Structure formats: structure tokens, C-alpha cells
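Reader: Please show me the sequence and the model, and then let us discuss the structure by question and answer.

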Amino acid sequence: MKNFISILGTNSDHSTNRLLLQFIQKHFKDQANIEIFEIKDLPAFNKPEDRKAPHGVQELADKIREADGVIISSPEYNHSVPAALKSTLEWLSYTNQALIDKPVMLTGASYGKLGSSRAQSHLRQMLDAPELKARIMPSSEFLIGYSLQAFDDNGNLTDQRKIEALKRIFNDFVHFVDITNQLVNAKESQQKQAPSYSWEAK
Amino acid sequence: MKLVGIVGSNAAFSYNRLLLNFIAKNFKKLIDVEVLDIKDVPMFNQSDDQTNSEVIQNLNKKITEADGVIIATPEYNHSIPSALQSVLEWLSFKIHPLDGKPVMIVGASYDVQGSSRSQLHLRQILDAPGVNAVVMPGNEFLLGEVYEAFDENEDLKDAQTVQFLETCIKKFIRFINVVNVLQSPEGMKDLSDTEDLYATGAIDTTVEGIDMSADDWLEQAAEATQAVEGNTYVKLNRGLLTVNQLNYFLNSMPAELTYADSNNQFLYYNHHMEKEDMLAGRRPEQVGSPLAECHPERVFSGVSWVIQQLRSGKQDVVRTQVPTHGPDKFVVHSYQAVRDDNGNYLGINEYVQDIQPVIDWYLEQTGQQLTGGGVDAVSGATSKVDTVSGATAKA
Ligand SMILES: Cc1cc2nc3c(=O)[nH]c(=O)nc-3n(C[C@H](O)[C@H](O)[C@H](O)COP(=O)(O)O)c2cc1C
Ligand SMILES: Cc1cc2nc3c(=O)[nH]c(=O)nc-3n(C[C@H](O)[C@H](O)[C@H](O)COP(=O)(O)O)c2cc1C
């Protein structure tokens, strides 16, 4: 049984990405405990002088550290990642850097046909930045286009092929988490904890 | 030229703010930049619409009024900061002030790469349909290792960097003009630069080596080209006429006809009346002149706009009504694009007609009457027309 934390990438009250995460939580409950973290009450990022994370961000960081892996589900706003999710990542990168070396799986839903593909590619590039440096599962894209029509009244995905694709990716992720965590542990015992990166420490 | 500079950072101290302030200060002879901060803009939330808040409305108004926008973005985690992202979300949700706006991107960051990645993201974001800004291509101004870039007066230290920045700004000014031409609605800017009204170029039919302004340009040009005249036959599509027949035929047209070529040279009019008797006066000596010499300078912008409409293919004909001929006439100038079989722009056929007799005849024949608000030669004087040249004048 794995423990995952999932981050809902929007602050919106009504969200198809929330439906997607709830579906994943329910559908894979025999394989993993998945908590859904809401970012909507986190403050907007603004460089704090003391580099301290506000309460909610610290809570998220602790949950990330304890989890075996992280799932992020992002909508697409203007071909990119919504400001609310960007802000969350900025907090993490600027304060506790909790995502470093964490296995991450990405999903996304959007109203349009392309289902947030462009947002996901931006998100991958961001998670690759040195202050975040997450271990993103490669070659795995899970997108839901026309997301308003994708769920039935019970919050289940209606397209059976989508469910199959999700199963494959989720299973891959379970393995990916094991391999990645082994690799990271091996590295950590070899070298002492690598000094964390900071853009502004020049 | 009035520009708005948006600081893409909400940090209390921001190098990108320094950069925009420097641009405003150093290039004030070229551009008038108002630097706007975004730090008071709330986080975007789809479920909590704050479009009508003062900060967002202020940005909306300033951007809408500006000729162009410069956005200075830092790089946060290889993308643009959430603070800037949030502003762009507000400005693409219920309102769209950046739609069609010329935008230039600059950026300052700690890395040697100096915001290259965030600039690429920003381009893609500005290109999204809800934003739909017109971003200047190329001319990437990156300020890497920004903590070393400014001196104690907050000026950029490196002369070459300043030089490059100036080049980018100058290109942006030209870019704004080009975008305005492409999108030119009624409220025209000065567009006189968009057309070579002095006909300084040449096309393959231009008769070279003869002073276009000469009173006897026609005689000289006819000699140089050994042009035929009189009773010589000319084969046409489709028919055969002598030059004389062709002349009389064109003179019998119920309109004053003028041909100016795609080089903006006035080549022909169907001369059979004195200037004073014409609806739009022309003199024989004017033939051959560049269009600039046929119009007063104050209407150059309007003339250029008309030509651009035809040349670009946006319109095939631009019409305007000239109301100064009294209530008995309804005089219309039509600028009709002349194109070859492949649709290439060859020039303008301007035909000037009083269509009142046609309207009267139509009414008489059909027994109909005009009722209010319709075609009234006096009150219909709503068009933006310059009465001397007949060209559309600056709004
Ligand atoms: C400011 C803004 C920009 C948007 N831009 C895009 C976009 O570029 N592509 C897209 O597919 N949907 C776009 N959308 C629509 C989102 O896909 C839609 O809001 C989606 O449902 C968000 O995910 P959610 O249901 O989890 O909130 C945009 C929505 C907003 C509010
Ligand atoms: C959360 C965060 C992430 C950052 N990520 C990057 C980065 O990916 N690349 C970079 O060159 N600088 C990065 N920086 C450093 C910025 O370049 C630096 O803070 C810069 O001064 C920001 O511009 P400003 O002074 O206008 O706010 C980051 C800074 C913060 C606070």
C-alpha cells in the first residue's frame, strides 16, 4: 500500500480536476491511500524576507515529505499553469524545497479539446528547475479534454478507454515510485545530503 | 508614442522594475512609458470574480489607452512568476485589453540565461486566445546575472547592452506602426509612412529617366516609349479599337476616371473637361506626378490608408461621399483596386460620379419615394472626406 499526496492545481470552487483526483482516489483505493490537498487557501507567493513558509505551505511540505509520491492535477489557463498552482510551487521552491527528488505524476483536465497538454508541458519544465527538481515520471501524459462532459453523476469517468489508460499510467507510477525512491536513497547514503540550490545565493 | 510598462514581479525590490524605470528614463525622447506595478493585484480565482476591482480596472484602462505594452518578466522556476500569471488571467477572463495590442517582452533574472525560459512561456501565454496580444518576434532582450547589471544610479552599466536595448525599442516603435496598419479601424493613426506617396521606387511599367513632375511628362514619356496614338489600332481583351476610339469611349463614361499605378504614380485621367467643370478637378500637367504632389500633406495619412486597404487585399473598393456639391448632387468617389489575372495589385481606378440622377431615375421608374434618414445629399454628410482631394482624411 502506497501513500500518495495529490495536489489540486486550482483554487476554483467547481473543478473538473478535483473530480478527476476524487475519481483516482476512489478507483485505486486498494493500491494507495491518496490524500487530496487543496491550495485555495494558501496565500499568494511574495518573496518573504525570512524564507519561512507560511503555515499552509509548511503543512503541504510535511505531507509531501511523508508521502511516497505526489500526483499533481492541473487545469490549463492561457496555455500555461494557473497562477494559483505556480504560486504553490514558488512557495515550495523558495522555502522548504520539499519536492526535490520526489516522484511526481501529472494529470490534467480542461474544457478544451487538447485537455491541458500545453499546461502539462510547462509544468514539467517548471518541476525541472533546480529549486524544485522533482522526479517526474517520463513519457506519461494523462489528459482529459472536454472535461465538463467527461464524468457521470457519480463522478466516474465515462470513457472506458480513458480509465484503461489511467490504470496503466497509475501502475507505472507505482513502480516508478519504488525505483526512484531506491535510487534517491542510494544516492543519499553515498553522498551527504546535497546542498540545496538557491538562485539568490550568489 | 504612449506605452505602458508592466513589472512582472511583486517583490518589494525588483530588478525588473529597475529595468523598466531605466527604459522610461533613458529613452524618453523616443517613447513615453508609464511603469505599472502588479503587487496589489489579487490572486486570480475563477470562483471569485474581481474584474471590477480598482487595481484591475486601472490596468485595463491604462493598457487599453496605450499604443503598446512592454512586459518585464523575471524567471521563477523556469516560468513566469505566479503574480504575472495571475494578472494575465484576470486580463483574459471577463475583459481582454491585450487583444490586438503590440507587446514587447524584456526580462531580468539571476541566471546567466536571464529569463530566456520565462520569456518563451510568456510568448506562449500571450498567444493564447483569451489574451491574444501581438508579440514582437525576435529581439529577445535578456538581462542575465542581473545582480551585477546596474550601477548606483540605477543605470545599466554596460554600454553595449544599452545600445542593444535601444535597437529593440526602435524596432518596437516600428512594429507598433505595422500592427496599427494591419488593424487600422476608423480611428487612424498617422499612416503616411506606410505608402511611398512620392513614388520613389519603380515597377516594371515605370518609364524611367523622366521627371515625373514635369508639365510635359506625358509628351516625354510617350516619346521614350514610342507610344501609339491617333488612328493606330490597339488589340484589347476583347476587341479592336483605335486609340482615338478608346479615348472617346473612356470620355463617354458616366464618371471621371483616374488611374494611379501600384508605384503611386498618377498615370491617366479621362480628360475632356476643364478642371473647373469637373467634380474632382484635375489638370493636364498633373499627369505623371507622384500622388504626393496631387494631395495636400495633411491628407497623406488618409490616402495611404486607402491604398493600403486595396494593396493588402483587405478591401476591393473604398467609397466616400463628398457633400460639398449642394443638395442636387450626390457625389461618390470610389477607389477601386485594379488587379491582374493573378490578383496582384496594379493600382487604383478612382471613379467619381454624381449618382443622384440614377437615384432619381430609379424612383421615377418604380414610383417609389425616399423616406426620412435615407439618401439626402446634405444631411448625409457624415463621411470623413477631405473635399480638396477627395481622399479619406485623418479622423
Ligand atoms: C483565465 C482562463 C484561461 C483559460 N485558458 C485555457 C486554455 O488556454 N486552454 C484550455 O483548454 N482551457 C482554458 N481555460 C478553461 C479551463 O480549461 C477550464 O476553466 C477548466 O475547467 C479548468 O479546470 P477545472 O475544471 O479543474 O477548474 C481557461 C480558463 C480561464 C479562467
Ligand atoms: C521562487 C523563485 C524562483 C526562481 N527561479 C528562477 C529561475 O528559474 N531562473 C532564474 O534565472 N532565476 C530564478 N529566480 C531568481 C530571480 O531571477 C530573482 O529573484 C530576480 O531578482 C527576480 O526578478 P525581480 O528582481 O524583478 O523580482 C527565482 C526566484 C524565486 C523567488
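Reader: How far is an oxygen atom of ligand 1 from an N or O atom in the side chain of A:Thr16?

Author: The model discussed here is predicted; local features require pLDDT of at least 70, side-chain atom pairs count only at pLDDT 80 or more, and totals for chains, interfaces and linings use all residues. Residues are numbered from 1 along each chain as its sequence is written, chains are lettered from A and ligands numbered from 1 in the order in which they are written, and side-chain values use heavy atoms, with hydrogens and water left out. An oxygen atom of ligand 1 and an N or O atom in the side chain of A:Thr16 are separated by 2.6 Å.

Reader: Which residue of chain B has a polar side-chain atom 3.4 Å from an oxygen atom of ligand 1?

Author: Ligand 1 lies between chains A and B. From chain A, the side chain of A:Asn17 places an N or O atom 2.7 Å from an oxygen atom of the ligand. At 3.4 Å from an oxygen atom of ligand 1, the polar side-chain atom belongs to B:Gln46. Taken alone, ligand 1 exposes 620 Å², of which the protein buries 89% (Shrake-Rupley method with a 1.4 Å probe), and the residue asked for is B:Gln46.

Reader: How many residues of the shell around ligand 1 are polar?

Author: Ligand 1 is surrounded by 18 residues (one heavy atom within 4 Å), and A:Asn78 and A:Tyr111 are among the closest. In the classification used, Ala, Val, Leu, Ile, Met, Phe, Trp, Tyr, Cys and Pro count as nonpolar, Asp, Glu, Lys and Arg as charged, and the others, Gly among them, as polar. The shell of ligand 1 contains 6 nonpolar and 2 charged residues, and the number of polar ones is 10.

Reader: Which backbone lies 2.8 Å from a nitrogen atom of ligand 2?

Author: Ligand 2 also lies between chains A and B. One of its oxygen atoms is 2.9 Å from a backbone N or O atom of B:Tyr110, and an oxygen atom of the ligand is 3.0 Å from a polar backbone atom of B:Asp111. The protein covers 100% of the 610 Å² of accessible area that ligand 2 has on its own. The polar backbone atom 2.8 Å from a nitrogen atom of the ligand is that of B:Asn77.

Reader: Which element supplies the largest share of the shell around ligand 2?

Author: The shell of ligand 2 holds 21 residues, with A:Glu200 and B:Tyr15 among the closest. These divide into 8 nonpolar, 7 polar and 6 charged residues. Helix α3 (83-94) of chain A and α1 (15-26) of chain B each supply at least two of them (helices are DSSP runs of H or I, at least four residues, numbered from the N terminus). The largest share, 3 residues, comes from α3(A).

Reader: Is A:Thr95 buried or exposed?

Author: A:Thr95 sits in the loop between α3 and β4 (103-109) of chain A (strands are DSSP runs of E, at least two residues). A polar atom of its side chain lies 2.6 Å from the backbone oxygen of A:Trp91. Residues touching A:Thr95 (heavy atoms within 4.5 Å), not counting those up to four places away in sequence, are A:Arg51, A:Lys52, A:Ala53 and A:Val57. Because its relative accessibility is 18% (buried means under 20%, exposed over 50%, partly exposed in between, with a 1.4 Å probe and protein chains only), A:Thr95 counts as buried.

Reader: Why do the buried residues of α9(B) line one face of the helix?

Author: In α9 (residues 356-366) of chain B, the buried residues include B:Gln356, B:Ile359 and B:Leu363. Seen down the axis, the buried residues of α9(B) fall within a narrow range of directions from the axis to the C-beta atoms, so they line one face, and that arc is 65 degrees.

Reader: Which strand is included in what covers the buried residues of α9(B)?

Author: On the other side of α9(B), B:Val358, B:Trp361 and B:Glu364 are exposed. Just after the helix, B:Gly367 takes a positive phi of about 70 degrees. The cover over the buried residues of α9(B) includes a strand of chain B, residues 345-354, namely β13.

Note on methods. A polar contact is a pair of N or O atoms within 3.5 Å; within protein, one must be able to donate a hydrogen and the other to accept it, and residues adjacent in sequence count only if both atoms are side-chain atoms.
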